[in-house]
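Reader: I am a first-year student, and I should like to understand how strands and helices are put together in a protein model. Could you please take one part, examine it closely, and then relate it to the rest of the chain?

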Amino acid sequence: MDTAHRILQGIGVSPGIAIGKAYVLNRARIVVPETNILDEDSLDEECERFEAAVSKAERDLEELKQRLHPDFKEHIKLLEVHQMILRDRLIYGETLDLIRNEWINAQWALVRSLSRAHERFSAIDDEYMRGRVADVDAVGERVLRNLAGREETPFEGIRERVILVAHDISPADAAQLEFDRTLGLITDIGGRTSHTSIVAQSLNIPAVVGAEQSTKLVPNGEIIILDGTTGRVILSPTEEEIKHYAERQEELENYLKQIARVAHLPAKTLDSHWVRVEANIELQEEVVAARDNGAEGIGLYRTEFFFMNREILPDEETLYHEYRELAELMEPMAVTLRTLDLGAEKLAAWFPRLEEINPALGLRSIRLCLHYRELFKSQLRAILRASGVAGNVRLMFPLVSGVGELLEAKKVLGEVREELTRQRIPFDHHMPVGVMIEVPSAVAVADMLAKEVDFFSIGTNDLIQYSIGIDRANEHVAYLYEPLHPAVLRFIKQTVEAGHRAGIPVSLCGEMAGEPLFVPILLGLQLDSLSMNPRAIPRVKNLIARSRMRDCRRFVRKALEMTTASEITLQLQEILLKKFPEELRLFELDAVLTDASLHRKRRLGKDRWKF
Ligand code: PEP
Ligand code: MG
């Protein structure tokens, strides 16, 4: 294998190096064996096997239905439709007929009857019935999986420490990774701020996403090298390469140990400007990492992960204990609880798939909470109750698109407050309420929103996605995902100014906050606090302590006149080279930037072929 074919280039999303055996997860579509049945007894057995697979699917659907919150009426109905399809004559009856009449195995017969049903449904002149084709497929897949006896959990079977290679891993699956067995993570698809990447970072697992074809090209069980900083994956490494990367790994670890000392000091610039550095967490367990890495509070708790990791919807009492414990663990530092940001790629087992064509623009986040009021209220009650314990809880609404939506959310919060007051349940009457700025419309009316809240937190992961118009989890447009796009910088500036004019603090909690390369820009934009992955805190604090606010402001003024992200990046690179050369060298930040542009050329080249 020549060098060019041994290196896969993806997007480095969680820094660090892993050298180890690859474990390629095969979640390919179900293989359908086609075999003939040779005698009468086997024919009966095959029909019984099919019946058992259908009955299991029926039971599973019933269980799913029971787990659904009664708020989800339309989804309960959908599961009932699936149960009906399971026993429909077109599929159930036809499959049994095909097994008996043509002496073929159940999978083969089912696929044939599904294909006929597919044709018939598609031909019906009724939009509703045509829309049921997807349901027929979903039901068919469920039964086929039962017939194949496929396991649902992707990580079962991993017995040693491996580098996991998968087409994709959902954020919920990623949160269940056994990190002592996972040396690294590689996926075919995904982007820098997809939630899978965020979870990999928080678990401190080096990761590369968007390494297209990795599941096809990486040989299962062979030693590979993964560089989560540059996004490189090296197949069949030579002795020298292994030695080189092992040395780099050691060098990186030594550097991180050395800067750990500054992590517990306040992040103050050389000219005495203090910026609060906080942690983003997805699970309560990360509080240890947040405290160990010197977080000065929790700037963002993504509460939806607690909902995603369980089979049933947690009730108010469970949530209250979770939030109360978190507040007590961080006391006296502040804990910012963001209300449920479910939807799009963040799905839960108990939560029905909404079958949206464009989920990132669909019923997600605050919209979803305002739709399912009871669910929202039970979370708000739990948050308010927890606020009364140590007085350090802050609440934040995600993805608010304008004042109307914010007022609606505040109205529900007001109702919950009244309820608790009536019931004489204590809570913090002064609990700060903030809003995330994640969509361009919120930036445009930031001055109006500012009058209604106590703080802003800019969610650049989504703000970049919605302002540039690209899916943050899509590797095909990852090259356009530019945090330094002049539009993004202007949006941050406008938000900070609107917040400060109204006298409220402005924080930034997107992944951008934890990227040391951006420290000069973020300081110069005058954010009051930065909230990031706990592991990024020491690196960011180290650079803040060695920066001068005056220089950063001057740089931002210059940057805001530049017309492209590349121009700003080049200038930033120069600053880093002059002031923080070891960051640049150790984390190969120049290579990251070059790789990003290579990545871009490669994609443009590929697209030319396509069209
Ligand atoms: C963001 O969008 O920047 C953010 C912090 O929220 P999330 O990544 O959970 O969407
Ligand atoms: Mg967001």
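Author: The following account begins with one strand, β13, and then moves outward to other parts of the chain.

The structure is a predicted model. Its chain contains 27 helices and 17 strands. Of the 611 residues, 55% count as buried. Among contacts in the chain with a separation of 6 or more, 70% involve residues 24 or more positions apart.

Strand β13 spans residues 393-397, and five of its five residues are buried. In a regular strand, side chains alternate between the two faces of the sheet. The residues of β13 can be sorted in this way: V393, L395 and F397 point one way, while R394 and M396 point the other way. Residues of both groups are buried, the arginine R394 included.

What lies beside β13? On the one hand, strand β12, residues 335-338, runs parallel to β13 and is joined to it by four bridges. Within this pairing, R338 has M396 as its bridge partner, and L337 stands opposite L395. On the other hand, strand β14, residues 433-437, also pairs with β13 in the parallel sense, over three bridges. Here L395 has V433 of β14 as its bridge partner. The residue L395 thus appears in both descriptions: it stands opposite L337, and it is the partner of V433.

The neighbouring strand β12 may be read in the manner of β13. Both of its faces are covered, with V335 and L337 buried on one side and T336 and R338 buried on the other. Strand β12 also pairs with β11, residues 298-302, in the parallel sense and over three bridges. The bridge partner of R302 in β12 is R338. One may therefore follow a path from R302 to R338 and onward from R338 to M396.

A second set of strands offers another example. An open sheet of eight strands follows the order β1-β8-β7-β3-β4-β5-β6-β2, and its pairing is mixed. At the edges are β1 (7-9) and β2 (11-14), each of which pairs on one side only. With direction ignored, neighbouring strands of this sheet are turned by 30° against each other on average. Within the sheet, β3 (residues 17-24) and β4 (residues 162-166) pair in the parallel sense over three bridges. In that pair, A22 has I163 of β4 as its bridge partner.

Helices are in contact with this sheet. Helix α9 (residues 195-202) packs on it and touches β2, β5 (182-187) and β6 (207-209), and its direction makes about 50° with that of β2. Eight of the eight residues of α9 are buried, including H195, S197 and Q201 as well as I198 and V199. Just after α9, N204 takes a positive phi of about 65°. Helix α11 (residues 239-259) lies across β3, β7 (223-227) and β8 (232-235), and runs at about 120° to β3.

The final topic is the packing of helices on one another. Two packed helices are described by the angle between their axes and the distance between the axes. The axes of α20 (residues 460-468) and α21 (residues 486-501) come within 10 Å and cross at roughly 125°. The two helices are therefore oblique to each other, and their crossing is right-handed. In this contact, T460, L463, I464, S467 and I468 of α20 meet V488, F491 and I492 of α21. Those residues divide into six nonpolar, two polar and no charged.

A second pair is formed by α24 (residues 549-559) and α25 (residues 565-579), which pack at an angle of about 160° with their axes 10 Å apart. Because angles over 145 degrees count as roughly antiparallel, α24 is roughly antiparallel to α25. This crossing, too, is right-handed. The contact is made by D551, F555, K558 and A559 of α24 together with I568, Q571, L572, I575 and K579 of α25. Its residues divide into five nonpolar, one polar and three charged.

To return to the starting point, β13 is a strand whose five residues are buried, with β12 paired to it through four bridges and β14 through three.

Note on methods: Residues numbered from 1 in each chain as written. Chains lettered and ligands numbered in written order. Predicted model: local features only at pLDDT ≥ 70, side-chain atom pairs only at ≥ 80, totals over all residues. Heavy atoms only, no water. Axes fitted to C-alpha atoms, helices over the stretch in contact; angles between N-to-C directions. Parallel < 35°, antiparallel > 145°, perpendicular 65-115°, else oblique. Left-handed = near helix turned anticlockwise from the far one by under 90°. Contact = heavy atoms within 4.5 Å. Nonpolar A, V, L, I, M, F, W, Y, C, P; charged D, E, K, R; others polar. Pairing = 2+ DSSP bridges. Buried < 20%, exposed > 50% of the residue type's maximum accessible area, 1.4 Å probe, protein only.
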